[in-house]
Amino acid sequence: MTNDKNKNQKSLVKKLVVNDIVSMKNNEKISVITSYDYWSAKICDNTGIDIILVGDSGGMVMLGYDTTVPVNMKEMLIFSKAVSVGTKRSLIVSDMPFGSYQIDSKHAVKNAIRFIKSGSDAVKLEGGIEIIDRIKAIIEVGIPVMGHIGLKPQTTKLWEGYKVQGNTAAAASQLLREAVELEKTGVFAIVLEMVTSEVAELISKRLKIPTIGIGSGPHCDGQVLVLHDMLNLYANIKPRFVKTYTNLSEVILNAIHNYIIDIKTGKFPEEKHSYKMEDKEYERLVKNITKIKKKLSSSSSLSVTKND
Ligand code: KIV
């Protein structure tokens, strides 16, 4: 009965698909958050968030790498699988890590397929015109792609460091061209990272597909933040565009601190955290122990006598 009820509840959850996200443009802002594991994906999914992004930022916030460059396919697939197990409703987009789509289209398609097999609904690739052939090849095998232009953490850092993008007329025009080109190629949405507000607005107005901003102002069709940033769980880098919604580091620190105190002072565990034997069995055990003790003491006195 309970199982049937659970099954029915499960089937009531409508899984979001790419077209649901696209049709939100001009109707409703799109909410996006990152997640990399089962438990946080489950919480995020229950909030009704539209998209869960398994970002390559997981390399930094989960594995402690300095940048997003070192994270690899194996690690990203583990994150993606765990997120897909914890998610029933949100659309899952997985970041293709650096090195997984740069070589050629065949390699890119092969890796994109691995994400879909691990339970993701779409993949995201960083780059514009320079990777159009790879994006096209992935879309051609039926895999939805999310674009990502502006600051591209996988490579921007190698050239110019983390800097605001699109703050000159020439750079802004280039970003607009890239966005239009990506839309023509068939991406279903584009992340705009650290792009000036004006340019993000221009791009968002020009495109039919949604833009998802991170540090790109209020005019994008949706917003994304890294979960660990908004919960204050990652202190290494704190960009200005991050809004912190709670201080989870402090909450966790206090909880573990109290746990240590409870152990040291004997306040934990209490009776309610322990398991008991049945009285009858305990009495039997006491009798057994008494018998054993008697046996032991008689045999040891015997042996003493012998040695004497
Ligand atoms: O990896 C990531 O979290 C991202 C977002 C910052 C868009 O790509």
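Reader: Before we discuss the ligand, what counts as a polar contact here?
Author: A polar contact is a pair of N or O atoms within 3.5 Å. Please bear in mind that the model is predicted.

Reader: Then how far is the ligand from the side chain of Lys124?
Author: An N or O atom in the Lys124 side chain lies 2.8 Å from an oxygen atom of the ligand. Because a polar contact requires N or O atoms within 3.5 Å, this pair qualifies.

Reader: How much of the ligand does the protein bury?
Author: The protein buries 95% of the 260 Å² that the ligand exposes when taken alone.

Reader: What about the side chains of Asp56 and Ser57?
Author: For Asp56, a side-chain N or O atom is 2.8 Å from a ligand oxygen. For Ser57, the corresponding distance to an oxygen atom of the ligand is 2.5 Å.

Reader: Which residues surround the ligand, and how do they divide by class?
Author: Among them are Thr34, Leu53, Gly55, Asp95, His148 and Val191. The shell comprises five nonpolar, four polar and three charged residues.

Reader: And where does the ligand sit?
Author: The ligand occupies the largest pocket.

Reader: Changing topic: how many aromatic pairs are there?
Author: The count is two aromatic pairs. One of them joins Tyr36 and Phe79 in an edge-to-face arrangement, with 5.9 Å from centre to centre and 65° between the planes.

Reader: Which parts does that pair tie together?
Author: Tyr36 is in the loop between strand S1 (30-34) and helix H3 (38-47), while Phe79 belongs to helix H5 (residues 73-86), so the pair links parts that are 43 residues apart in sequence.

Reader: On the backbone, is the peptide bond from Phe268 to Pro269 cis or trans?
Author: That bond is cis, with omega near 0°. Pro269 is found in the loop between helix H12 (248-265) and helix H13 (279-307).

Reader: What is the phi of Asn26, and where is that residue?
Author: Asn26 has a positive phi of about 70°, although it is not a glycine. Asn26 is placed in the loop between helix H2 (18-22) and S1.

Notes
Residues are numbered from 1 along each chain as its sequence is written. This is a predicted model: local features need pLDDT of at least 70, side-chain atom pairs count only at pLDDT 80 or more; totals for chains, interfaces and linings use all residues. Side-chain values use heavy atoms; hydrogens and water are left out. A residue is near a molecule or strand if one of its heavy atoms lies within 4 Å of it. A polar contact is a pair of N or O atoms within 3.5 Å; within protein, one must be able to donate a hydrogen and the other to accept it, and residues adjacent in sequence count only if both atoms are side-chain atoms. Accessible areas come from the Shrake-Rupley method with a 1.4 Å probe; for residues, only the protein chains shown count as cover. On a 1 Å grid over the protein atoms alone, a cavity is a set of points where a 1.4 Å probe fits but cannot get out, and a pocket is an open set with protein on both sides within 12 Å along at least five of seven lines; lining residues have an atom within 4 Å of a point. A molecule sits in a cavity or pocket if more than half of its atoms lie within 2 Å of its grid points. Ala, Val, Leu, Ile, Met, Phe, Trp, Tyr, Cys and Pro count as nonpolar, Asp, Glu, Lys and Arg as charged, and the others, Gly among them, as polar. Rings of Phe, Tyr and Trp (its six-membered ring) pair if their centres lie within 6.5 Å; planes under 30 degrees apart count as stacked, over 60 as edge-to-face and the rest as tilted. Helices (H or I, at least four residues) and strands (E, at least two) are DSSP runs, numbered from the N terminus.
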